[in-house]
Amino acid sequence: MSLRFPYLRVAKGQPIVTLSGRLYRPRPIIGVTIVGPAGALAQDGLLDTGADDTLFPEHVAALVGIDLANAPQGTAGGVGQEIIPVRYAEVTVRIADNQEQREWRAWVSFGPSTRRYALLGYAGFLQYFTATFHGDREEVELTVNGQYPGT
Amino acid sequence: MSEHTNGKTRPDRWVYVKNRAKFLPTDLLPYADQWLAWSADGSQIVAHHKDLAEVARMVAESGLEREDVIFDHLPPGGEVTTLL
């Protein structure tokens with residue numbers, strides 16, 4: 001069975017030239033919950049096939065009780081963005097649509113809150129799913145694959 | 001709406017998306033560089049503050065659990081078009 005999510009429609013308030021005058025930008029952003037020893041926190045995450053890792057804001061780690069003090073460190077960067085320091089931790093990630101819920105353990109990265117959305121990249125997220133982006137319907141469909149480690 | 005495995009009602013993402021789309025960039029400008037907590041149906045901002053921990057505290061104070069809202073960090077310049 002697949003999980004289906006609507007694209008988030010981000011209102012722009014003016015016609016978007018590249019989208020034939022549409023007034024909003026559809027983005028493959030879904031709700032994602034991160035679970036730690038001190039609780040859970042839900043936020044929006046961008047499904048990003050160009051991202052190597054899955055990235056959450058470091059403030060979120062503290063709030064759900066994940067101690068990054070001695071966590072492995074690394075760096076990450078994106079197009080036109082500066083290189084940022086990140087730390088890695090194993091967490092529980094949860095997503096759900098109206099029919100189905102999925103929860104698994106994954107190594108993700110935490111970095112400065114420079115982006116609006118969590119980045120749901122390959123490691124820790126997309127590696128476990130077959131993702132179908134329905135541009136016409138502005139929906140994304142996620143189906144767990146053979147590597148999926150969760151419930 | 002449907003049921004979580006823990007018996008709680010799961011927010012309907014389709015309703016959330018529909019309501020969130022009603023917020024224009026100008027509506028969100030006052031919250032630039034702040035953390036927001038959106039209601040599960042996306043119709044209102046339940047709490048906002050520069051400090052995420054403070055937003056979480058305000059959410060708890062209003063009788064909601066953290067999973068009942070969606071946390072969102074608005075960039076300093078507000079909503080922007082991104083090239084990824």
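**Exercise 1. Find which residue stands opposite A:Val10, and describe the strand pair it belongs to.**

Start with the residue itself: A:Val10 faces A:Arg25, which sits in strand 3 of chain A. Bear in mind that this is a predicted model. Next, widen the view to the strands. Strand 2 (residues 8-16) of chain A runs antiparallel to strand 3 (residues 22-27) of chain A, and the two are joined by five bridges. Last, check the turn. This hairpin leaves five residues between the strands, and A:Ser20 has a positive phi there, near 55°.

**Exercise 2. Work out the strand order of the three-stranded open sheet in chain A, and say which strands form its edges.**

Take the pairs one by one.

- Strand 1 (residues 2-6) of chain A pairs with strand 12 (residues 139-144) of chain A, antiparallel, through five bridges. To find this pair on screen, look for A:Arg4, whose bridge partner in strand 12 of chain A is A:Glu141.
- Strand 11 (residues 129-134) of chain A also pairs with strand 12 of chain A, again antiparallel, through six bridges. Here A:Ala131 has A:Leu142 as its bridge partner in strand 12 of chain A.

Put those together and you get an open sheet with the order 1-12-11 in chain A, with antiparallel pairing. Strand 1 and strand 11 of chain A are the edges, as each pairs on one side only. From one strand to the next, the twist averages 20°.

One more detail to pick up: the hairpin of strand 11 and strand 12 of chain A has four residues between the strands, and A:Glu138 takes a positive phi near 55° in it.

**Exercise 3. Decide whether A:Gly31 is buried or exposed, and list what it touches.**

First, place the residue: A:Gly31 is part of strand 4 (residues 29-36) of chain A. Then count neighbours. There are 22 C-beta neighbours inside 10 Å, and the cut-off for burial is 20 or more, so A:Gly31 is buried.

Now for the contacts. Ignoring residues up to four places away in sequence, A:Gly31 touches A:Ala42, A:Asp44 and A:Ile95 in chain A, plus B:Arg13 and B:Ile70 in chain B. As a final distance check, the C-alpha atoms of A:Gly31 and A:Arg94 are 8.9 Å apart, although 63 residues lie along the chain from one to the other.

**Exercise 4. Sketch the layout of chain B, then describe the side of it that touches chain A.**

Begin with the inventory: chain B has three helices and five strands. Reading from the N terminus, they come as β-β-α-α-β-β-α-β. Of its 84 residues, 29% are buried. Among chain B contacts with a separation of 6 or more, 44% link residues 24 or more positions apart.

Now turn to the interface. Here 29 residues of chain B contact 32 residues of chain A. On the chain B side, at least two residues each come from helix 1 (13-20), helix 2 (25-28), helix 3 (52-61) and strand 5 (69-73). Strand 5 of chain B gives the largest share, five residues. Sorted by class, this side of chain B holds 16 nonpolar, five polar and eight charged residues.

**Exercise 5. Explain why the buried residues of helix 3 of chain B line one face, and trace what they pack against.**

List the buried residues: B:Leu52, B:Val55, B:Ala56 and B:Val59. Looking down the axis of helix 3 of chain B, these fall within an arc of 100°, so they line one face of the helix. The general rule behind this pattern is that an α-helix has 3.6 residues a turn, so residues three or four places apart point the same way. On the face turned away from the buried side you'll find the exposed residues B:Ala53 and B:Glu61.

Then look at the partners. The buried residues of helix 3 of chain B pack against helix 1 (58-63) of chain A, along with strand 3 (35-39), strand 4 (45-49) and strand 5 of chain B. Zoom in on B:Val55: beyond four places in sequence, its contacts are B:Trp35, B:Ala37, B:Ala47, B:His48, B:His49 and B:Phe71.

Finish with the largest nonpolar core, which has 51 residues; B:Val55 is among those with the most contacts inside it, together with A:Ile34, A:Phe56, B:Val69 and B:Phe71. Strand 8 (residues 84-96) of chain A contributes the most to this core, five residues.

Definitions and conventions
Residues numbered from 1 in each chain as written. Chains lettered and ligands numbered in written order. Predicted model: local features only at pLDDT ≥ 70, side-chain atom pairs only at ≥ 80, totals over all residues. Buried ≥ 20, exposed ≤ 12 C-beta atoms within 10 Å, placed from the backbone. Contact = placed C-beta atoms within 7 Å. Core = buried A, V, L, I, M, F, W, Y, C linked by C-beta atoms within 7 Å. Nonpolar A, V, L, I, M, F, W, Y, C, P; charged D, E, K, R; others polar. Pairing = 2+ DSSP bridges. Axes fitted to C-alpha atoms, helices over the stretch in contact; angles between N-to-C directions. Arc of directions from axis to C-beta.
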